[in-house]
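Reader: I keep meeting words like "perpendicular" and "antiparallel" for protein models. Could you walk me through how they get used?

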Amino acid sequence: MKAWETLDTLKILQTHIKKSDSNRIMTEGYTYDYSDDDSADSIEFYNSGHLSPSTRKDHLTKATKVTSILSQESGFEIDDGLYSDNDYDDYDQAYLDNVLAEPISSQEKKELSKGTVPNLKYECLTTQNIFENMLGKVNHLQPIFNIPSEDILILLQHYDWNEERLLEVWTERMDDLLIEIGINPNHGKSIDKLSTKDKINDDELNQATGASRDVVFKNKFYCIICCEEKSTETFALECGHEYCIDCYRHYIEDKLHSGNIINCMGCSLALKNEDIDKIMGHPSSTKLMLSSIKSFVSKHNRNYKWCPFADCNCIIHLKDTSSLAEYSRLHYSPFVKCSHSHKFCFTCGFEMHAPADCNITNAWVKKARKESENLNWVLSHTKECPKCSVNIEKDGGCNHMICSSCKYEFCWICEGDWAPHGKSFYQCTLYKNDETNGNGTKTEDVAKTMKKYTFYYRMFNEHEVSAKLDWKLGQTVGNKVKALQEKMGISWIEGQFLTDSIRTLNEGRTALKWSFAVAFYSDSSHNLTKIFVDNQSLLSKAVEDLSELLQIKDPEVIMAKKTEFYNKTGYVENRTYALMECGRDLLCKGICKSG
Amino acid sequence: MASLPKRIIKETERLVSDPVPGITAEPHDDNLRYFEVTIEGPAGSPYENGIFQLELYLPDDYPMEAPKVRFLTKIYHPNIDRLGRICLDVLKTNWSPALQIRTVLLSIQALLASPNPNDPLANDVAEDWIKNEEGAKNKAREWTQLYATKK
């Protein structure tokens, strides 16, 4: 979608927000304005979920902000081709992405009242975005430099896309700079010698023919690189170093991934993007630009981070890193969310790990790596039925198991009878400290720590596996909502509670998972730890309930239980928040330490 | 072994027919990409009168990729480490397919004539070189005497 179109829809969005006073906008016609609302998010994210103070009202300011950004940086276009109007096939995935990316409003309110840490201002980009941004910079610099934009691109590339440094050097010594980087200042004219490289010119090397930046066909050409004499196409820059097209292609192909400027093989004259495309016969220079930007991102890893999720090409650009210190002091973690709704911690680059902080996460992950990996697999993949000992692999999110051979109902986590779980207090997350007589020997202590670790690790793993299965479940939710629309004739927006539920479930599981890392490192005798464990149990119960609810396939039953969905989702949200805060308390008070 | 590219044959021929003064390079009988190289220490340098042995290997991607060169003779030099590896721009980032075996070897000879302790590979040697240049040069002379002279 073009930038100006977005502006238009944003205006519509603003009016819509003014009109609506409820958090959820129910108007039918609103649907794609709604998705454009998210394109606004893709430019100016606020910390989602757990630190964001932005309420619906804020979206208004967000929208105006976007408008100003768009008018400032004309070179920057938003690519939201996903949300093509009336395109029903794309629409399905698009709205799922959208809604998953939508912050939870009730949590936002809580965070607003807290207001202890500053917001993280960041944007989610792709290499293509950055490249387009760079092209914008080039246009911006063109009037200052007064040289062809292709040359400016080379200069920027050489200075790692650092505009300020380039300008600084440029004002100091502009002519030297051009020669140093290999730009011919007498544009288009052939030059005698531009070689600054320490190269020994043989007679063979001097084949200056005065050819100028074009592919030429020659009947008889001797290429000094491959030492073959043949009829071939050749290429040469103004310096006249002419080589056969095969050697040039081979040479460029090797260098495209380096991200560095490609020079003439005989001297330091730089190849422009158009030269590269000419030689290669197809647009290859973008590849070079993208790899150049990739190296730029890795070099600037204080402000830029790759999304750690597999096959995700998003880059998060944090504009101001000064607040990160405040985050770590208060044991908050700076979680960011890419446009594919992958949440991760900007400091350690790990997935979302609240309530654990980066230190605990690090210690836990390291420990997990050290302990036996086989054990992990066995623990996480199979269990025996407590009654008939049939091996069971769990392939659904809920922990309420029914053995397919003996029909025994049990809890996947504690392997106990399921009956008490449904009604009474959920006890499964509790590590039973069987310290009957305080004084044990040292080996017993070690064994006990190991036992404790195995217990917590198992819990952690359990929820990790469950979370993955839930994620799979989430992929099918789109179809479920579609089924609701078709069979029950309800509107798209009304079906959203399902997507909300699955997202909340995911967040709850992640929090629960990492809470076991916190619990492991916490002083178990402390009162707060006990409160924390209680919170864990409550969330655990809430998550299981919700997970079970989401297993329902029949659309009619789903609609009948709509209120239940709402209630349970809200409950999980609240419990997740409570657990996170409690965990942070443990960390702040030093009850939970990785050392 | 795959047939040798014309480029390598040409270069080898020229190295034999028109050798560079003070440098010899002979391909190995079994592997024509592997060269046994000797370089004479440049006059006026601490390496004068020494004859240094090196090995040079042309990787499969030569000339798109730089040849691999290593000193076999022990040498006291800030840009050459104990394993004989050489820190030289044309062997790394500044390699260009337009360069040749002979130009690379000439560059190495030039490196012997003018060591660059500010861009060191062997840190201890470089430190010595900066702090006490005369002493370091004496040591280089000593090593040349010990390891790089025909007996």
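Author: Here are some questions about helices, a chain contact and a sheet. This is a predicted model, where local features need pLDDT of at least 70, side-chain atom pairs count only at pLDDT 80 or more, and totals for chains, interfaces and linings use all residues. Residues are numbered from 1 along each chain as its sequence is written, while chains are lettered from A and ligands numbered from 1 in the order in which they are written.

Reader: Why are α6(A) and α7(A) called roughly perpendicular?

Author: Look at the angle: helix α6 (residues 127-145) and helix α7 (residues 149-158) of chain A cross at roughly 115 degrees, and their axes come within 9 Å. Axes are lines fitted to C-alpha atoms, for helices over the stretch in contact, with angles from 0 to 180 degrees between N-to-C directions. Angles of 65 to 115 count as roughly perpendicular, under 35 as roughly parallel, over 145 as roughly antiparallel and the rest as oblique. So α6(A) and α7(A) get the label roughly perpendicular.

Reader: What makes the contact between α6(A) and α7(A)?

Author: Residues including Met134(A) and Phe145(A) of α6(A) meet others including Ile152(A) and Leu156(A) of α7(A); being in contact takes C-beta atoms, placed from the backbone, within 7 Å. Seven of the contact residues are nonpolar, three polar and one charged. Nonpolar covers Ala, Val, Leu, Ile, Met, Phe, Trp, Tyr, Cys and Pro, charged covers Asp, Glu, Lys and Arg, and the others, Gly among them, are polar.

Reader: What makes α19(A) roughly antiparallel to α21(A)?

Author: Helix α19 (residues 527-550) and helix α21 (residues 562-588) of chain A pack at about 155 degrees, their axes 9 Å apart. That angle is why α19(A) counts as roughly antiparallel to α21(A). Their contact has 16 nonpolar, six polar and five charged residues.

Reader: Which chain B element gives the most to the side that touches chain A?

Author: That's α1(B), with three residues. The whole contact takes 13 residues from chain B and 16 from chain A.

Reader: How do you know that β2 and β3 of chain B pair up?

Author: Strands pair if DSSP finds at least two bridges between them. Seven bridges join β2 (residues 34-40) to β3 (residues 51-57) in chain B, and these strands run antiparallel. One bridge partner is Ile51(B) in β3(B), matched with Glu40(B).

Reader: Why do β1 and β4 of chain B count as edges?

Author: The open sheet has the order β1-β2-β3-β4 in chain B. β1 (23-27) and β4 (68-71) of chain B each have a single partner strand, so one side of each lacks a neighbour in the sheet.

Technical notes. Helices (H or I, at least four residues) and strands (E, at least two) are DSSP runs, numbered from the N terminus. Two residues are in contact if their C-beta atoms, placed from the backbone, lie within 7 Å.
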